[in-house]
Amino acid sequence: MCWLCGRRNHDYIPMTFLNSAKTIICLFLIVDVSMDIIKWISEYVSPWSTELPKMYVVSPSILTATLILCTILIQLDRTRGVFSSAVLFLFWLLLTVAEGEPFYSKIKEAYVKNKVEQVYRFATFCVYYAMVLVQLILSCISDVPPKQSKTTKKQSPEIQASFLSYLTFWWVNMLVLTGYRKTLQPGDLWELNPRDQTKSHTPIFEKTWNEELEKAKKIAPIQKTKRDGARKFLSTHGSYNLEEQKPTFNNELSWSNIHTNSIKVVFGDGSREFRRPEVKPNASLLKVLLKCYGLVLLQSHVCKLIFDGLTFLGPVLQGLLISYTEDRTIQQWKGYMYAILFFLHALVSSILLQNLTYVGKTLGVRVKSSLIVAVYKKALSMSNHARKDYTVGEIVNLMSVDAQRIQDMTSSLYMIWSAPLVIGIALWQLYNVLGMSIFAGVAVTVLLIPINSVIATRVRKYQIAQLKLKDARMKLMNEVLSGIKVYCRSANVCI
C-alpha cells in the first residue's frame, strides 16, 4: 500500500544533490551502527568478561540490514522515477519517534548526573539520531524540482509534490495565498493534472471497453431461448397459450434435442430446422470501470476503513482521559500520552478524510468524462435505423444526468459497506455503556425503514417520470427548431 502511494514520475531521475545526500547519510548510519556492534563485541572478548548478551548484537544487526535496504531503495526509486517515497518517509518517521525516547533518556541522565558515563556510546547515539532527523527532513522534500510544461499554462504542483505535501495538500498553499492577495485570474490557475485529462484516461477506458465488448460477443448465445423459437414458429404453424406458457400445435409435432445453433421441430412427414436469431452482446460497464479505476477506488475504500476505525477510537480515548482525571493514583506520563494520542487521532483522521474526499471526487470526474466521451462517440457513429430508437434528448440526458449520477455514486460507493459497519460498531459501544435500553432506539430506526423505503420508491418513480418528460421536451424542441429552419429556408426562397 505504501509502495503504491509513492509519488512517481515515469522518467529516469538523474543523480541530484538531494539523492546523493540521502545515500551518503545512509552509509554513515550503517557505519555508525556497525561501529557500535564492534564496540560491544570488543568489550566481551576478554577471557574474564561475561557472556555477551544477544540483544546487543541482534538488534543493531537488524537495524544495519534495514539501513542497507533503505540505501538500495533510494537508488532503486531513483531509477524507477519515484521522486518521493512513501515507504522511506514512513520508515524515517517511525524510526525518529521510536528513537526519541532513548535520546531523551540519555540527555536527561547526563543533565541530572552532570556527567556522561559512556562517552563513546553517548556520542555515537547522538550523531546517529541527528542523522535520522536529517533523513526525515530530506524525505519530506521532492527529489526533482517541478518542471514547467511546454504550454503557456503553469504546471500543476501536485504532479511532483512530495508524499508529505500530497497528504497535507501543502502544494495548494501558493494558489490560496495568491487568491488572498488578489483576485484570481485565468493565468494564475495551473494546468490540469495529466492524470485527470481526458486524453490520458479515455484511451485506456476505450481499450478496456472494446476488449470487454469482444469478450461479450464471443460468449453471447447465438440462439434465442426455446420458448422464443417456438413463438416464432407457432405464429404461422400453431398457437401459443400465454396463460399456461405451453405451445398448442395444429399438426402432430414433437420437440427433439436442442442443439447449440438450432431448434429442431419434427413433423409426422419430415423435419424442419430453424436458426435462432443472434442476440446483441451484453458487455458489463461495471467490469470495465473496475478494471480501469478499481485500484484507485480500493485506495479510497482503505482510507475510509481506517477513518471509520479512528472514529470509534475517540470515545475510547475520552473514557481513558476521564478515568485519568478521576483517579489521582495514575502516573502522570499517561496523561501526556493521552493528550498526544488525542492530537494524533485528530490529525490522522483529518488527513484520511480529506484525502478520501479528494480521491473520490477526482475519480468521479475521470469516470464521468470517460462515459461522456464514449456516449458522444457512439452517438456520432450510430446508423439511421438506430437513431430512430434514441432521441437527441435521451442521448443528452445520458451525457449529463446519468453520467453525473455515476460520478456522485463513485465518490460515495463505500457507504454500501461502511454504513452497516459503523452502525454495528456504534450499537455495540452503546450497548456496553447503556445496556438493553438502546434497543428502544433500534426499534424506532427499524420501524422507520419501511417509511423511508416507500419515500425512496416514490422519489425514484418521480425522477423517472421527470426524465421521460425531459426527453419529450428535448424531442419537441428539436422538432420545433427543425421546423423553424425549414420555414426560414422556404421564406427566403419565396422572397
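## Largest cavity

In this predicted model, the residues lining the largest cavity divide by class into 6 nonpolar, 5 polar and 4 charged. The volume of the largest cavity is about 140 Å³. Its lining consists of 15 residues, and those nearest the centre are K22, I74, D77, S85 and L88. Two or more lining residues come from each of α1 (17-43), α2 (55-80), β2 (82-84), α3 (86-113) and α4 (119-139).

## Second largest cavity

The structure holds 2 cavities of 30 Å³ or more. The second largest has a volume of about 40 Å³. Its lining is made up of L297, S300, H301, L356, V359, G360, L363, T410, S411 and Y414. By class, 5 of these residues are nonpolar and 5 are polar, with no charged residue in the lining.

At least two lining residues of the second largest cavity are supplied by each of α9, α11 and α13. The largest contribution is that of α11, with 4 residues.

## Second largest pocket

The second largest pocket holds about 1,200 Å³ of space. It is lined by 28 residues, of which W209, A374, V375, K378 and L398 are the closest to its centre. The lining of this pocket has 17 nonpolar, 5 polar and 6 charged residues.

The helices that each supply at least two residues of the pocket lining are α7 (198-219), α11 (332-380), α12 (384-387) and α13 (392-411). Helix α11 gives the most to the lining of the second largest pocket, with 6 residues. Helix α11 also gives the most to the lining of the second largest cavity.

## Helix α9

Helix α9 spans residues 285-311, 27 residues in total. The C-alpha atoms at its ends are only 34 Å apart, whereas a straight helix at 1.5 Å a residue would reach 39 Å. A kink of about 70° occurs in α9, centred on Y293. At the start of the helix, a side-chain oxygen of S284 comes to within 3.3 Å of the backbone nitrogen of K287.

The buried residues of α9 include V288, L289 and Y293, the residue on which the kink is centred. Further along the helix, L297, S300, H301, C303, K304, F307, D308 and L310 are buried. Among these, L297, S300 and H301 line the second largest cavity. An α-helix has 3.6 residues a turn, so residues three or four places apart point the same way.

## Residues in α2, α3 and α4

S61 is located in helix α2. Its relative accessibility is 33%, and S61 therefore counts as partly exposed. S61 and S34 are 27 residues apart along the chain, and their C-alpha atoms are separated by 7.8 Å.

T96 belongs to helix α3. With a relative accessibility of 10%, T96 counts as buried, because the cut-off for buried is under 20%. The C-alpha atoms of T96 and L133 are 6.5 Å apart in space, although 37 residues separate T96 and L133 in sequence. S139 is part of helix α4 and is buried, with a relative accessible area of 7%. A polar atom of the S139 side chain lies 2.7 Å from the backbone oxygen of L136.

## F169 and T178

F169 is found in the loop between α5 (163-168) and α6. Most residues other than glycine have a negative phi. F169 is not a glycine, yet its phi is positive, at about 55°.

Helix α6 comprises residues 173-181 and contains T178. T178 has a relative accessible area of 24% and is partly exposed. Its C-alpha atom is 9.9 Å from that of L189, and T178 and L189 are 11 residues apart in sequence.

Definitions and conventions
Residues numbered from 1 in each chain as written. Predicted model: local features only at pLDDT ≥ 70, side-chain atom pairs only at ≥ 80, totals over all residues. Heavy atoms only, no water. 1 Å grid on protein atoms, 1.4 Å probe; cavity = no way out; pocket = protein on both sides within 12 Å on 5 of 7 lines; lining within 4 Å. Points joined across faces, edges and corners; volume = space filled by probe spheres on them. Nonpolar A, V, L, I, M, F, W, Y, C, P; charged D, E, K, R; others polar. Expected span 1.5 Å × (residues − 1). Bend = angle between axes of the 7 residues up to and from the residue. Buried < 20%, exposed > 50% of the residue type's maximum accessible area, 1.4 Å probe, protein only. Polar contact = N/O pair within 3.5 Å; in protein donor to acceptor, adjacent residues only side chain to side chain.
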